[in-house]
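Here's a short set of exercises to work through with the model open next to you. Try each task before you read its solution.

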There are 2 protein chains.
Amino acid sequence: MAEAEIPTLHDIITARPHVYRYLKPTPLYRYFGLSELIGANVWVKHENHLPGGAYKVRGGVNLVAHLSQKERDSGLFTASTGNHGQSVAFAARVHGLRATIAVPEGANPGKVAAMRSLGAKVVFHGPNYESALEWVVGAAAAQGGRLVDATEDRLIHGVGTYGLEIIEDLPEVDAIIVPVGAGSGACATAIVAKTINPRIELIAVQSAQAPAMQQSWAAGRPVNVVAHTVADGLALSVPFENTRRILRKYLDDFVLVDDGAIEAAVVLLLEHTHNLAEGAAAAPLAAALKLRDRLAGRNLVLVMTGGNLSMDQLRRLLAPQREQSAHAAG
Amino acid sequence: MAEAEIPTLHDIITARPHVYRYLKPTPLYRYFGLSELIGANVWVKHENHLPGGAYKVRGGVNLVAHLSQKERDSGLFTASTGNHGQSVAFAARVHGLRATIAVPEGANPGKVAAMRSLGAKVVFHGPNYESALEWVVGAAAAQGGRLVDATEDRLIHGVGTYGLEIIEDLPEVDAIIVPVGAGSGACATAIVAKTINPRIELIAVQSAQAPAMQQSWAAGRPVNVVAHTVADGLALSVPFENTRRILRKYLDDFVLVDDGAIEAAVVLLLEHTHNLAEGAAAAPLAAALKLRDRLAGRNLVLVMTGGNLSMDQLRRLLAPQREQSAHAAG
């Protein structure tokens, strides 16, 4: 019974028309500099090229396409560290719905500005994702709104379309590395890849400074942590149950990388791809550098999940003394 | 007779299958922050999302698709400050040909590395584009190779496909701002836009520190200049004749912006779009800021022609004291 509830490849294929009504497939490019660095054939899946600069938007448009009229009329409520909120705000806008997004105080200002410019009401609440979530659950209940969970199935179906694009563009892929925040992207990619070819290795990565999903995956039960990562897209303390059980079933490995290695990877990606990656989106390169030996000579895809790095973070990373310390940490 | 030789919309439509065999259309995104800044409805055409990070690649694949077997066998020779060379290298690779690219000493190292990783032979010659060109003309003649001029018609036909994408995605566009190096992109966009709707305003931009094409356009005859711009994609001293006459026929305006304004625009684009623009690709935003009054309330497209900014340039731009001086200059 629990098995039957896990999203399938069929669900993801079914989401495609809803996703491609508003979005275009993203490119998968091979980078020779990164390939030399890792000692593998390295491709990057450019989810940072989507509107809002992150893969999440694929999920929002699919979810909203399936809402009842009553849900549509009630408006959407969700909590987010940023990209999920942008996804809900984008989907609400293109479908003409209202959206209320709760974010932690100190949320990435670019992500907040993007949500507001899409017409969403943004409410700051508490120091972290969990406190913003608590507030929005109450607000949705009080106002009779549709609460959107960051890992609900319709979102996983939508974001799975990028996994399918990877395998269509590169059928000979050997390994895919995906960062995990709430886990919807990693789950969706794992479902697609393992269903089509179980030999594709699926590797997830989190920051060692916020390992809630990784520790839960390793332990086989939910484990809470104190999150203090620089990668806002990875800053979760309490694991999500829906994605935890899917990752448990499908992942080959789930590694941790230090924030310092993530920051060094942001700089390397800028240098080799001329694309700005946010912390979460650079974690796969940090993981690949850690797993160099295992990946040698293989066809490897790194998912660049989003590009919403703040200017403050970028300035700090590119300051000469900072870069040295980040490399040392990596 | 001279009229008949100018590329047409039909030529550009004919190039599409050759371009889309290897490349996907790029996104056109609306940015609310940039719209507020300009006081217009601002979209960015993301040519920086193409392989090699620049629009030029559309031209190379079209040119090579039309070569005779003799030309294919002889190998390709061209001179470039970077992106045109990457385009020829990419096209040569996907079609299995040899390519020799002459670049000025001190050429953008990322662009040079990309050409080499695509299998091209890169030769450094002289202090500027013109000296590299002089060398490669001799080398092509000596070795019986096919010399590729940076503005030949097949290249214009190929790059025109992005202009067509703009008008298909946003038929209500009022104005398009395009940077000019050799001028192929601006020519192609102007041909497409003016043929489809003569009321679309076509504005070209160059650096005031390298205004060869702008001065030639204004004077109605070729004018040489001393080029010393920070935007390597715009660093030409001698105007191209083929593109000069097309620009003369089609452009509504051709403005100059200072290097300081271009650098400030690179930072603004990073902040508002999270995309890295090279100097040439930021010039349209600098021009839009200069033309704010004229563009008020209109549907404006800025072409982000490429993203190949070097890390050294980026570091310098993001250093706090530098940013202030760039803003002051802008």
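**Exercise 1: One chain**

Chain A holds 17 helices and 10 strands, where helices (H or I, at least four residues) and strands (E, at least two) are DSSP runs numbered from the N terminus. This is a predicted model, so local features need pLDDT of at least 70 and side-chain atom pairs pLDDT 80 or more, while totals for chains, interfaces and linings use all residues. Residues are numbered from 1 along each chain as its sequence is written, and chains are lettered from A in the order in which they are written.

Task: work out how the radius of gyration of chain A fits a compact globule.

Solution. Start with the rule: 2.2 Å times the number of residues to the power 0.38, with the radius taken over C-alpha atoms. For 330 residues that puts a compact globule near 20 Å, and chain A, at 18 Å, agrees.

**Exercise 2: Two chains**

Task: find which relation links chain B to chain A.

Solution. First, superpose by least squares on the C-alpha atoms of residues with pLDDT of at least 70 in both copies. A turn of 180° with a shift of 0.0 Å along the axis lays chain B on chain A with an RMSD of 0.0 Å. That's the relation of a two-fold axis.

**Exercise 3: The contact**

Task: say which helix of chain B gives the largest share of the side touching chain A.

Solution. Count residues in contact (C-beta atoms, placed from the backbone, within 7 Å). Each chain, B and A, puts in 24 residues. The largest share on the chain B side is four residues, from α15(B).

Notes
Two residues are in contact if their C-beta atoms, placed from the backbone, lie within 7 Å.
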